[in-house]
Amino acid sequence: MKRSTLVLGELQENCYLIESDEAAVVIDPGEFTPALADFAARTHSKEKCVLLTHRHFDHILGTAALKQAWQARIAISKEDAVGLFDPQASMAAYYGLSQTPCRADRLLSDGDNLQIGDLLFRIIATPGHTIGSVSYLCDDCLFSGDTLFQNSMGRYDFPTGDYGMLMDSLQKLAALNGNWNVLPGHGPASTLEIERKQNPYLQVNL
């Protein structure tokens, strides 16, 4: 599995590009940029999917354009799917941003497995930043969206956010077996072992 990162928009959101022999996956296309268009053109013959960690505009605003250009399936949690077509739910409206609506092809729930070509993604519900935030496990990577950051955690003061749920989600991630490369929605990468030892928000009840 090959992966690379595009840092997109004013909020410096991490968009992940993943490619294998049979599959191409984009996680959280916050904008549709020339680099993203190039990736889509180069991988058009593979099985394709766009995975979204949550509903917020800085993670989804490129989704409609990418779907049109790439003919890819879109997957998001059933609780956060409203953000794809409602600018109030995505918070785009709060920032005066336009949003092209689109619909999800797959609604995800906790414990789902999503097979994309030769890549298998395991879905973990991690609500708290939003009600429908999810994290993805694939290969040796944990794509944690805006739930878990290097030595920090996501905000919970946005609509549908909840502190208690977020703390529960962080404990859920901390309890995963083994070590994982943590690839968050913003900021630098880490590992789960480092976060277990150093992240103060993962120390509760450990």
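## Salt bridges, strands and two cores

The side chains of E19 and R42 come together in a salt bridge, at 2.6 Å from N to O. Because E19 sits in strand β2 and R42 in helix α1, this pair ties together parts that are 23 residues apart in sequence. Please keep in mind that the model is a predicted one. The notes below start from this pair, then move to the other salt bridges, to strand β3 and to the nonpolar cores.

**The E19 and R42 pair**

- Which of the two partners is buried, and which is exposed? E19 is buried, since its relative accessible area is 12%, whereas R42 is exposed at 52%.
- The pair also belongs to a wider group: E19, R42 and K46 are linked in a network of salt bridges.
- E19 has a place in the strand pairing too, standing opposite A24 in β3.

**Other salt bridges**

- The count for the model comes to nine salt bridges.
- R55 and D80 form one of them through their side chains, with 2.8 Å from N to O. R55 lies in the loop between β4 and α2 (57–60) and D80 in the loop between β5 and β6 (106–108), so this pair ties together parts that are 25 residues apart in sequence.
- Here R55 counts as buried at 8% relative accessibility, and D80 counts as buried at 0%.
- Another salt bridge joins the side chains of D105 and K67, at 3.1 Å from N to O. It links distant parts of the chain, with D105 in the loop between β5 and β6, K67 in helix α3, and their positions 38 residues apart.
- Both D105 and K67 fall in the partly exposed class, D105 with a relative accessible area of 44% and K67 with 24%.

**Strand β3 and its partners**

- How many residues of β3 are buried? Five of its five residues are, so the strand is mostly covered, buried here being under 20% relative accessible area.
- In a regular strand, side chains alternate between the two faces of the sheet. In β3 both faces are covered: A23, V25 and I27 are buried on one side, and A24 and V26 are buried on the other.
- On one pairing, β3 joins β2 in the antiparallel sense over four bridges. These two strands form a hairpin, with three residues between them.
- β3 also pairs with strand β4 (residues 47–51), this time in the parallel sense and over five bridges. Within that pairing, V26 has V50 of β4 as its bridge partner.
- To get from β3 to β4 the chain passes through α1, and this β-α-β crossover is right-handed.

**Nonpolar cores**

- The largest nonpolar core has 21 residues, and those with the most contacts inside it are L17, V26, V50, L52, L66, W70 and L84.
- Which elements supply at least two residues each to this core? They include β1 (2–8), β2 (13–19), β3 (23–27), α1 (34–42), α3 (63–70) and β5 (73–77).
- W70 is a good residue to look at in the structure. Leaving aside its neighbours within four places in sequence, W70 is in contact with A24, V25, V26, F39, A40, T43, H44, K48, C49 and V50.
- A second core, separate from the largest one, has 20 residues, among them L108, I116, L119 and I123.

Note on methods:
Residues numbered from 1 in each chain as written. Predicted model: local features only at pLDDT ≥ 70, side-chain atom pairs only at ≥ 80, totals over all residues. Heavy atoms only, no water. Core = buried A, V, L, I, M, F, W, Y, C linked by side-chain atoms within 4.5 Å. Buried < 20%, exposed > 50% of the residue type's maximum accessible area, 1.4 Å probe, protein only. Contact = heavy atoms within 4.5 Å. Pairing = 2+ DSSP bridges. Right-handed = clockwise from strand over helix to strand, strands pointing away. Salt bridge = Lys/Arg side-chain N within 4 Å of Asp/Glu carboxyl O.
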